[in-house]
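Let's take a walk through this one together. Keep the viewer open and follow along.

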Amino acid sequence: GKQVAQLSRLVLADDKKIGRPEDLLKLSVPCKLVFRTPSLRRLVVNAHTTESKEPVALELAEDELGERIVVSKVIEGPPSLRRAELEGWHVKKINDKPVGKIRVAMIRQRLKKGTSLSFQDPVIDDHLSGPAMILEHFISSCFLTKGEDGEEVPWANETKTDLLQEAQQLSLPPNALDDLLDRLGGLKKVGEMSGRSHRIKRRKDGSLAWVARCEELRCPSDGANLVEQVLFQKGNKKICVVTEVASAGISLHADRRQATADFQPPRRLMISLELPWGADKAIQCFGRVHRANQLIPPKFLVLTTPLGGEVRFNSAIARRMKLLGAVTKGDRMTSMGGVADQTMTDFDVNNAYGQRALATFYTDTAKTLSAVPELLALYEALPFIGGEEDGEASGRWPTWQDFAEEVCDAWSATRLGEEIEMMLQENQTRSWAEMGTRESGEINRFFNRILMLEVEIQNAMFETFFAVYTELVRVD
């Protein structure tokens, strides 16, 4: 047969791709083998160092996984560069742009005279800020500085430059995921399961570097999440941050199979920063830590902002999760597969009691000249009603009448009055129990539209609504 050159790589056998030695066991002899010669996997680069301008000759080659370009041999260069071959340096930036998965054939096309190569992780001064980048892009793209004749307008150009400088001086929040990982202890203590290929790492000297996840975990580029899952399940990492990209098809529960004499999987606590829009996605997300063969059931914690309007989203998801449980488990209180999830009811106010509470709240505020409301004692006991020195009250609404008048204006501003009036007319022919069997659009719109109001009155309106809701449930 034909002689094969040294360092050649076996790629095909009988037109079947060979990725690992075990694939050869399935072959029958004789068979046709196809090798990739080393000349296709190696490249000699003549260059010079950036600072000292010393000549450098390097031989670049693909690594064992065929995903990175490493320095296989230093032909010529300063003594400090000799360790590149021993330490297996690999190309991380081309023309100051990070490089991901790449082969010799690809880098051969990109390398031209004047192209810069970097073998070190890009170092950045601080965490990247998404809001800052959005603001900078908005100013750069939307503020025009040229006139109709295509010439630069001096005052417009100067104004744009001043705005960009002011934007750079703003202290805007950093990228949430990188900042969270850094605050919780760094990449060695916190697992990350996301769709990102790169992330920010804090090095031993305190500086920040932009690194590839697969390099840190020493795995193929598409296997980072699987490695993080194993490290979390075995207890090597106590915390795992999971994004929606990785919220399906993974198991992060307290698996009995991981239990040993020295390690017992702890109870999982899942903190949901933001509920998904769909109930099916919410169940998929919660199901990552609540699965069969678990040693102990998990706990769930849903974080919300103090804005009353956000309850609308939690209420809608909670209601649909319960309805989905009624379909899949035959239990109207089920969202995760058991009656223990009755606490989900605390989020669900879109029911008959919610409709009655909204109607009562509207009637007692929009029709203030009518008879004294039955719940006047409840209204006057609200913490925000009173003078400045009266408990938690800010002094904005000294009496219930003052608050009711401002809420009456809010009904008109949000255009909710007409819709609630239609709900009251429907109640004349149907009972609240009959109307509560379906999801109320009026309640959803109430929670949505009060988000347009300022925070203080928004929270006050929701607190009043929920106080009436709680009282109606207590009376029944």
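Start at Gln229, which touches Met193, Ile250, Ser251 and Leu252, leaving out residues up to four places away in sequence; contact here means heavy atoms within 4.5 Å. Before going on, some ground rules: this is a predicted model, where local features need pLDDT of at least 70, side-chain atom pairs count only at pLDDT 80 or more, and totals for chains, interfaces and linings use all residues. Residues are numbered from 1 along each chain as its sequence is written, and side-chain values use heavy atoms, with hydrogens and water left out.

Gln229 sits in helix 8 (residues 224–233); helices (H or I, at least four residues) and strands (E, at least two) are DSSP runs, numbered from the N terminus. Gln229 counts as buried because its relative accessibility is 17%, and buried means under 20% relative accessible area, with exposed over 50% and partly exposed in between (1.4 Å probe, protein chains only). Its side chain also reaches the backbone oxygen of Ser251 at 3.1 Å.

Met193 leads us onward, since it is on the contact list of Arg213 too, along with others including Glu192, Ser194, Ala224 and Glu228. You'll find Arg213 in helix 7 (residues 213–217). What is the nearest side chain of opposite charge to Arg213? That's Glu192, 4.1 Å away, and Arg213 is buried yet has no salt bridge. For charge, Lys and Arg count as positive and Asp and Glu as negative, while His and the chain ends are not counted; a salt bridge takes a side-chain nitrogen of Lys or Arg within 4 Å of a carboxyl oxygen of Asp or Glu. The backbone is another story: the Arg213 side chain reaches the backbone oxygen of Glu192 at 2.6 Å and that of Ser194 at 3.3 Å.

Now swing over to the sheet. It is an open one, with 3 strands in the order 4-5-6 and antiparallel pairing; two strands pair if DSSP finds at least two bridges between them. Strand 4 (42–48) and strand 6 (69–76) are the edges, each pairing on one side only.

Strand 4 is joined to strand 5 (residues 55–62) by 7 bridges. Among the bridge partners, Val45 goes with Leu58 and Arg42 with Ala61. These two strands form a hairpin with 6 residues between them, and Lys53 in the turn has a positive phi of about 60°. On the other pairing, strand 5 and strand 6 share 6 bridges, with Glu62 partnered by Ile69. Strand 5 is mostly covered, with 7 of its 8 residues buried.

Notes
Polar contact = N/O pair within 3.5 Å; in protein donor to acceptor, adjacent residues only side chain to side chain.
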